[in-house]
Amino acid sequence: MDMETLLSYEWSMMAPEFTILIIATVLSLVDLFADKKIDRKLFGWFGAAGIGIALFFLFSQIGHEPAMILANTYRLDAFSLSFKILLLIGALLVLLMGVSYEAKGELLYRGEFYYLLMSALLGAMMMASSADLITLFVGLELLSISSYILAGTRKKSTQSNEAAMKYVINGGISSAFTLFGLSYIYGLTGSTNLADISREISNIAPENGLVLLSVAFILTFVGLAFKISTVPFQMWAPDVYQGAPIPVTVFLSVVSKTAGFVIILRVLLSVFPFAQGLEANTSLLQSMMIFISVLAGITMIAGNTVALKQRNIKRLFAYSSIAHAGYLLVPFVAFSEMMFESMWFYLAAYLLMNIGAFAVIQVMSEHSHSEDISIFAGLFYRRPWMAVMMTIFLLSLAGIPGTAGFIGKLNIFIGALFSDPSRYILAAVMMGTTVISYFYYFGVMAQMFMRPSGSAVPIRMPVGVTIAMVFCAAGTITLGLFPGVVLDFFQTQFNFAEMFY
Amino acid sequence: MADLFTYQNSYLVVVIFLALGILLPIVALSLGRLLRPNKPTEQKRTTYESGIDPFQDARVQFNARYYIFALMFVIFDVETIFLYPWAVAYEELGVFALIEMLIFVVMLLIGLIYAWKKKVLRWI
């Protein structure tokens with residue numbers, strides 16, 4: 001490659017990534033040289049400004065023709081753009097929460113928290129817009145390794161150390177699964193580029209490659225299931241969510257999970273729809289859907305039923321996030337025309353309601369130095385507005401009409417029933433488990449409205465976390481009452497057919 | 001098609017090596033057990049430590065700093081290994097590779113600064 005081709009690339013396509021990269025590098029260097037007395041919370045605001053700039057670049061790219069640079073390894077299309085918006089907004093809200101996080105002085109290296117968050121975000125963005133197995137995997141590992149360290153940032157807390165250790169071991173195992181699956185795909189097609197793979201893979205005759213391709217599919221999916229915390233790799237979630245600092249928990253349950261769905265869609269949809277399946281005239285993806293639908297069903301049931309017994313609020317939300325990952329697999333299984341739309345919308349709704357709920361949890365657990373569900377007792381009589389916002393988030397998570405979560409669930413439900421073939425069993429499981437989830441969501445509400453509060457110490461509400469909370473509450477209500485605004489924008493601006501080569 | 005068979009068949013070599021690797025120590029040790037005479041004495045039972053009498057416990061604690069130093073060494077060792085082929089093929093690779101190498105070196109330089117400021121290079 002010479003200088004002319006290098007300069008002929010449209011580098012502005014990568015402007016959001018470059019912004020995040022520069023911010024992360026600058027923050028890490030400044031953290032090393034700056035005086036110990038300087039408040040590291042300034043880094044958080046600096047990082048938030050950086051994400052703001054990256055979002056500006058991202059919005060200016062909307063409507064851009066699908067294009068690839070760097071020898072077809074970086075791809076800009078509607079798919080990557082729409083999901084990167086979610087990743088950036090999620091990370092911005094997490095940063096705002098992190099600025100207000102005190103952690104009883106357990107956060108010894110606060111500066112590290114901010115730049116590791118930025119590098120994890122960079123990894124997630126690379127996962128969204130890469131078109132090559134190598135760069136996809138590098139993005140996945142950048143996200144994973146940064147999150148392993150983030151989970152252990154409360155250095156003096158044994159729980160946090162345990163969480164980081166469990167996360168790194170489980171994560172290593174699942175990465176090995178993914179990589180093994182990807183190596184089969186490479187071995188069968190002779191290329192790591194997704195565009196080349198999607199062309200080559202249809203030439204493989206079923207009698208030769210079918211077994212190997214099925215193994216590749218299962219290994220890749222099972223490995224990536226770790227990132228979205230679905231069965232069979234869901235057991236790390238409660239322990240890690242409980243041990244990690246709350247902003248990191250939110251990051252893992254929202255941004256990391258979104259990135260996991262992005263990479264699953266990108267890899268599985270670029271490779272397996274073009275391979276021949278078990279029966280004639282079907283694709284391998286269609287043949288494998290039964291496997292994913294069983295996993296989705298088990299995930300929904302396991303997440304929602306085990307959550308019923310939880311007293312620790314972070315563990316409760318960990319199981320709830322496992323259940324939501326199960327709901328999000330339903331549109332993927334249904335594979336209707338609405339798949340991208342309903343997954344994107346549900347991820348957006350999940351981002352708002354989950355970050356909002358965790359913002360309230362952060363304020364309350366910092367106030368009472370406990371994570372038991374009883375910290376919410378009598379919240380309505382002490383901070384009525386916060387209780388109302390928490391109610392909005394809980395209703396949305398439960399899927400009650402008027403909130404974003406309801407519209408998201410409705411989209412998924414309709415997609416599952418009207419797809420061909422209709423996935424009514426999965427829709428029924430989703431309906432049933434949603435009803436089960438009412439018990440534990442309403443249990444938190446019962447604490448807020450029906451229990452007397454123990455203490456009268458005023459609850460301190462720091463700026464950052466309050467902004468995140470109000471933004472999420474407003475977003476949840478807006479998406480719930482006027483979903484058309486976002487969905488119309490989505491349908492006119494993003495053409496998902498661009499995703500295929 | 002034929003390619004795929006060649007691909008699958010080449011794993012036969014791996015299987016043969018795997019079988020050889022497992023069988024060789026088993027056969028060597030069990031054959032040796034059958035052939036060798038067995039007359040143990042107290043002297044023979046002591047641990048062999050290059051001729052001298054064994055002393056102390058074999059499990060010694062190392063200073064953890066050795067490992068961090070070793071990691072640092074490996075990182076910069078790998079850097080030189082990457083720099084060599086680039087330097088040899090510099091004429092063909094041209095300016096693009098130069099920029100790539102500069103990015104690579106700058107990244108490792110930031111790593112070195114990080115290690116320096118985190119007091120990895122200081123031996124207490």
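Chain B of this predicted model is built from four helices and has zero strands. Read from the N terminus, its elements simply go α-α-α-α. The radius of gyration of chain B comes out at 26 Å, well over the 14 Å that the globule rule gives for 124 residues, so chain B is more spread out than a compact globule. Its C-alpha trace spans about 70 × 65 × 25 Å along the principal axes. Burial tells a matching story: of the 124 residues of chain B, 0% count as buried.

What does the record say about those helices? UniProt, in an unreviewed entry, puts the feature "transmembrane region" at residues 12-35, 66-87 and 93-116 of chain B. Take residues 66-87 of chain B: the stretch is 100% helix and 0% strand, with its end C-alpha atoms 31 Å apart. Residues 93-116 of chain B are likewise 100% helix and 0% strand, and there the end C-alpha atoms lie 33 Å apart.

Now over to chain A, which has 20 helices and two strands. Its radius of gyration is 22 Å, close to the 23 Å that the globule rule gives for 501 residues, so chain A is as compact as a globular protein of that length. The C-alpha trace of chain A spans about 70 × 55 × 40 Å along its principal axes. Of the 501 residues in chain A, 55% count as buried. If you look at contacts in chain A between residues at least 6 apart in sequence, 79% of them join residues at least 24 apart.

UniProt also has something to say about this chain. An unreviewed entry lists "domain: NADH:quinone oxidoreductase/Mrp antiporter transmembrane" for residues 130-433 of chain A. In the model, that span is 76% helix and 0% strand, and its end C-alpha atoms lie 35 Å apart.

What sits inside? The largest nonpolar core has 179 residues, and those with the most contacts inside it are L87(A), L117(A) and L121(A). Helix α14 of chain A, residues 339-368, gives the most to this core, with 21 residues. To see one of these core residues at work, pick L121(A): leaving out residues up to four places away in sequence, L121(A) touches I20(A), L87(A), A91(A) and V255(A).

For a helix pair, go to α4 (residues 78-99) and α19 (residues 463-481) of chain A. Their axes come within 6 Å and cross at roughly 145°. On the α4(A) side the contact is made by L93(A), L96(A), M97(A) and V99(A), and on the α19(A) side by G464(A), V465(A), I467(A), A468(A), F471(A) and C472(A). Sorted by type, the residues of this contact are nine nonpolar, one polar and no charged.

The loops of chain A hold a few backbone oddities. The loop between α9 (206-225) and α10 (236-243) of chain A contains P232(A), and a cis peptide bond joins V231(A) to P232(A), with omega about 5°. S229(A) is found in the loop between α9 and α10 too. Though not a glycine, S229(A) has a positive phi of about 50°. Is S229(A) buried or exposed? S229(A) is buried, because 28 other C-beta atoms lie within 10 Å and the cut-off for burial is 20 or more.

F335(A) makes a good counterpart, in the loop between α13 (313-334) and α14 of chain A. F335(A) also isn't a glycine, and its positive phi is about 55°. With 19 other C-beta atoms within 10 Å, F335(A) is partly exposed.

Two last stops on chain A. P452(A) is in the loop between α18 (424-450) and α19, and P452(A) counts as exposed, with 7 C-beta neighbours inside 10 Å. Setting aside neighbours within four places in sequence, P452(A) is in contact with A377(A) and G378(A). P452(A) and A387(A), 65 residues apart in sequence, are 14 Å apart in space, C-alpha to C-alpha. V486(A) lies in helix α20 of chain A, residues 483-493, and V486(A) counts as partly exposed, with 19 C-beta neighbours inside 10 Å. V486(A) and I246(A) are 240 residues apart in sequence and 29 Å apart in space, C-alpha to C-alpha.

Terms used: Residues numbered from 1 in each chain as written. Chains lettered and ligands numbered in written order. Predicted model: local features only at pLDDT ≥ 70, side-chain atom pairs only at ≥ 80, totals over all residues. Rg over C-alpha atoms; globule rule 2.2 N^0.38 Å. Buried ≥ 20, exposed ≤ 12 C-beta atoms within 10 Å, placed from the backbone. Contact = placed C-beta atoms within 7 Å. Axes fitted to C-alpha atoms, helices over the stretch in contact; angles between N-to-C directions. Nonpolar A, V, L, I, M, F, W, Y, C, P; charged D, E, K, R; others polar. Core = buried A, V, L, I, M, F, W, Y, C linked by C-beta atoms within 7 Å. UniProt positions renumbered as here; feature names shortened; annotations may be inferred.
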